[in-house]
Amino acid sequence: MSAADRLWEAPPFGLAPSEKAKAFTEALADLTASHRQRCAPYRNILDALGFDPASARAPEEFPFLPVGLFKTLDLCSVPPEEVARVVTSSGTSGQAPSKIYLDGPTADGQRRALAAIVSDFIGPDRLPMLVIDCPSVLRGGRFTARAAGVAGFASFGRGRTWALGDDMRPDLGAVSAFLEAYGGKPFLLFGFTFLAWQFFGALAASGRDWDFRNGVLIHGGGWKTLADRAVDPEEFRRRLAEGFGLRRVHDYYGMAEQTGSIFMACERGRLHVSAFSDLFVRRASDFSLCETGEEGILQVQSILPGSYPGHSLLTEDRGVLLGEDGCPCGRRGKYFAVLGRLKAAELRGCSDTYAAEHG
């Protein structure tokens, strides 16, 4: 059994740190060697660094690519005829988006990993789903990160009701009908953070009572815009609980460059690293590893990118490692918090991009 197979067969949050580190190191070595052979720009980078994939003894020893390279280089490890889909990251006007090349096996792995991670938080049953977005997000030629998020999470829903019209305003009739039909039992809501905040704000302003007590909200895509409005994750959850009875709220952290291997926030609001991922926090001065509790730049790793060298990336986000194997929620592995964007980084989160262009 390969190292990747051992990670796939394990519970997503059940591995002991030493057991995971061994399998993850082997899986990263295989990926790094494969991409070195099949992707010329990546090979040039490794050659310039003088890195030999066989020399690494731990996940943190593998080199990382700055996530911005996917905006300027075509980083692909499969022939053009094997590319099943090109996902483009969100970017503000005038900024080039990242281009992520997916073949069939990579896209399938992303779906499987997402299902394993999310099911650990909401259970295996498919629930009636209210999507806090508009139908047009899935239309058009570009498959954006926002569309990928909606399509990916729609697999957890039984049916799909759009909460917004194509004018991005809440469809109060559709929302009311959805709650009347499904509100008495558990149901799922999904949307990007800024859109969800706008949506619930519009419901509050409607002057009607809305009962979401049986809902489970999953949201992600960036907090910068809400932080500018003095709304942090804790305040976000408090207002939804007080105004709508919605108490099961899970944020997630992820990016187009590593779709599928997301980091979900538990009931305590802590983001968790699954068996499919690893995470490190590095100092900006020399990229050395930060201590637990020390703020730095987030580095994310994933075993999923088989068709492009996105398995070890330095993000444009600040964060802090909070601990490992000690979260009261009971999930094993690392848990962390995202503190915001680097000051010089582009405003590129999915919901933040929408807010910048339409807010």
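**Reading salt bridges, burial and cysteines**

Q: In this predicted model, Arg111 and Asp108 share helix H5 (residues 104-122) and sit three residues apart, about one turn of the helix. How far apart are the closest N and O atoms of Arg111 and Asp108?

A: The general idea is that an α-helix has 3.6 residues a turn, so residues three or four places apart point the same way. Here the closest N and O atoms of Arg111 and Asp108 are 3.9 Å apart, and the two residues form a salt bridge. Arg111 counts as exposed, at 52% relative accessibility, whereas Asp108 is partly exposed, with a relative accessible area of 34%.

Q: Which residue forms a salt bridge with Asp133?

A: The partner is Arg146, with the closest N and O atoms 2.6 Å apart. This pair links distant parts of the chain, since Asp133 belongs to the loop between strand S4 (127-131) and strand S5 (143-144) while Arg146 belongs to helix H6, 13 residues apart. Asp133 is buried, with a relative accessible area of 1%, and Arg146 also counts as buried, at 17% relative accessibility.

Q: Is helix H6 mostly covered or mostly open?

A: Helix H6 (residues 145-154) is mostly covered, with eight of its 10 residues buried; among them are Arg146, Val150 and Phe153.

Q: Where do Lys334 and Asp278 lie?

A: Lys334 and Asp278 form a salt bridge, their closest N and O atoms being 2.9 Å apart. Lys334 lies in strand S15 (residues 334-341) and Asp278 in strand S12, so the pair ties together parts that are 56 residues apart in sequence. Both partners are buried, Lys334 at 13% relative accessibility and Asp278 with a relative accessible area of 7%. Elsewhere, salt bridges that share partners join Glu235, Arg238, Arg239 and Glu242 into one network, and the count of salt bridges comes to 18.

Q: Which residues is Ser277 in contact with, leaving aside its neighbours within four places in sequence?

A: Ser277 lies in strand S12 (residues 277-282) and counts as buried, at 0% relative accessibility. Its contacts, once those sequence neighbours are set aside, are Lys20, Phe24, Ser261, Phe263, Gln301 and Ser302.

Q: How many disulfides does a search of the whole structure find, and why is Cys39 not bonded to Cys76?

A: The general idea is a distance test, since a disulfide requires a pair of cysteine sulfur atoms within 2.5 Å. The search finds zero disulfides. The closest cysteine sulfur to that of Cys39 is in Cys76, 7.2 Å away, and this is too far for a bond. Cys39 is buried, with a relative accessible area of 1%, and Cys290 likewise counts as buried, at 14% relative accessibility.

Conventions: Residues numbered from 1 in each chain as written. Predicted model: local features only at pLDDT ≥ 70, side-chain atom pairs only at ≥ 80, totals over all residues. Heavy atoms only, no water. Buried < 20%, exposed > 50% of the residue type's maximum accessible area, 1.4 Å probe, protein only. Helix = DSSP H or I, 4+ residues; strand = E, 2+ residues; numbered from the N terminus. Contact = heavy atoms within 4.5 Å. Salt bridge = Lys/Arg side-chain N within 4 Å of Asp/Glu carboxyl O.
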